[in-house]
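Student: Please take a close look at a single part of this model. I should then like that part placed among its surroundings, with the criteria stated as they arise.

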Amino acid sequence: MSIRVILSFCLLLAPFVAGAAEFNASRPVRIIVPVSPGGSADVMARIMAQVLAPMWGQQVVVESRTGAGGHLAGEMVARSPGDGHTILFGTIAIHGAYGMYQRLSYAPASDLAPIVLLVEVPYVVVAHPTRPFATLAALIAAARQRPGEITFGSAGNGTSTHMAGELFMLSAGVRLQHVPYRGSSQALNDLMANNIDIMFENLPTIPPVARDGRVRPLAVTSAARVPSLPEVPTAAEAGLPGYVTNAWFTLAAPGSTPPALLDALNRDVRAAMAEPATRQRLLDLGTMPRGLTVPEIRAYFAAETQTWNRVIAAANLKVD
């Protein structure tokens, strides 16, 4: 390799080695969200876009790309250049429960590179208010009496709201009928329209529709009660000890992204999350802000993948 080529390569990497994320000002940074607009993931992505844009001096836009449990968005980002301009708003479906998909055309574990763990979010087990089960214990009893008849909606196969339901069935020893949608907001609308029985929905969207009586919260899946729904018991309090699980959301980049750029993006996003106003906005949504370095989030992904692979195997979940 000639000296000229080596020097050119060093100049190309200079912004990344310096430790600050830099971008081509002629192109926006895109955050690709794998769910439909209006849900909690979309709201969180827009919060991060708003705070990162002035930090980077760069336009940051949020784009929705739904389908295949989030893997259309995952593959789109995986196939993009690793220059920081295309970022995935990642979910359990993409980074943890991909084992149920038999024919993915990309490998999430290697073709995507984690930037940061943004937040963890409890689920709320909610029912349509006309259903005869007003408590979690009553739901479990009804599901045992009518195996496979009670329907639960989710944002799609392999999504966090689906996996929460699968874990519930294993924990409670019951069988429900899964009804997948192309996004959590569609499932929640159908629940409120009395077309399905229950959901395991992310916390941020539930308090407003619970207050006006459109859904009935039965339990939260966190270890402790949540401030936005203080009257709603935990699953353990409601009769299902051991059922503790949270959704989680990340930012990720194409697998080809240089490690130095990943570290720079990680530092920038964690700094943005540490700003009091941003942290408070995330807390107000009912989320639990996290952070983590790149090595820490890789270990987190590996542990979560093992957990959800066990659920996938136990429930024999397969999507062709």
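**A loop position and its surroundings**

Tutor: T159 lies in the loop between β5 and α7; helices (H or I, at least four residues) and strands (E, at least two) are DSSP runs, numbered from the N terminus. The model is a predicted one, in which local features need pLDDT of at least 70 and side-chain atom pairs count only at pLDDT 80 or more, while totals for chains, interfaces and linings use all residues. Residues are numbered from 1 along each chain as its sequence is written, and side-chain values use heavy atoms, with hydrogens and water left out.

The relative accessible area of T159 is 8%, so this residue is classed as buried. The scale, computed with a 1.4 Å probe on protein chains only, sets buried at under 20% relative accessible area and exposed at over 50%, with partly exposed in between. When residues up to four places away in sequence are not counted, T159 touches G69, A93 and S154, a contact being heavy atoms within 4.5 Å.

On one side of this loop is strand β5 (residues 151-154), joined by four bridges to the parallel strand β6 (residues 177-180). Strands are said to pair if DSSP finds at least two bridges between them. Within this pair, F152 of β5 faces H178 of β6. Between the two strands the chain passes through helix α7 (residues 160-172), forming a right-handed β-α-β crossover. The term right-handed applies here if, with the strands pointing away from the viewer, the path from the first strand over the helix to the second runs clockwise.

Helix α7 also meets helix α12 (residues 294-315): their axes come within 10 Å and cross at roughly 65°. Axes are lines fitted to C-alpha atoms, for helices over the stretch in contact, and the angles run from 0 to 180 degrees between N-to-C directions. This crossing of α7 and α12 is left-handed, the near helix being turned anticlockwise from the far one by less than a right angle; a clockwise turn would make a crossing right-handed. From α7 the contact draws on M163, E166, L167 and L170, and from α12 on W308, V311, I312, A314 and A315. By class, these residues are eight nonpolar, no polar and one charged. In that classification, Ala, Val, Leu, Ile, Met, Phe, Trp, Tyr, Cys and Pro are nonpolar, Asp, Glu, Lys and Arg are charged, and the others, Gly among them, are polar.

A second helix pair may be set beside this one. The axes of α2 (residues 40-56) and α10 (residues 259-274) also come within 10 Å, crossing at roughly 115°, and this crossing is right-handed. M48, V51, L52, M55 and W56 of α2 meet L265, D268, V269, A271, A272 and M273 of α10. The residues of this contact comprise ten nonpolar, no polar and one charged.

Further strand pairing involves β4 (residues 112-127), which is mostly covered, with 16 of its 16 residues buried. Nine bridges link β4 to the antiparallel strand β9 (residues 246-254), where A252 is the bridge partner of P114. Three bridges connect β4 with β10 (residues 288-291), again antiparallel, and here V119 is opposite P289. β4 pairs in the antiparallel sense with β7 (residues 198-202) over five bridges, and with β8 (residues 216-220) over four. V126 takes part in both pairings: M199 is its bridge partner in β7, and P217 stands opposite V126 in β8.

Two other loop positions deserve mention for their backbone angles. Most residues other than glycine have a negative phi. A68, in the loop between β2 (60-64) and α3 (71-78), nevertheless has a positive phi near 55°. N194, in the loop between α8 (184-192) and β7, has a positive phi of about 70°. A68 counts as partly exposed because its relative accessibility is 39%; N194, at 34%, is likewise partly exposed.

Finally, V209 belongs to helix α9 (residues 206-211) and is buried, at a relative accessible area of 7%. Beyond its neighbours within four places in sequence, V209 is in contact with M192, R214 and V215. M192 is 17 residues from V209 along the chain, and their C-alpha atoms are 8.8 Å apart.
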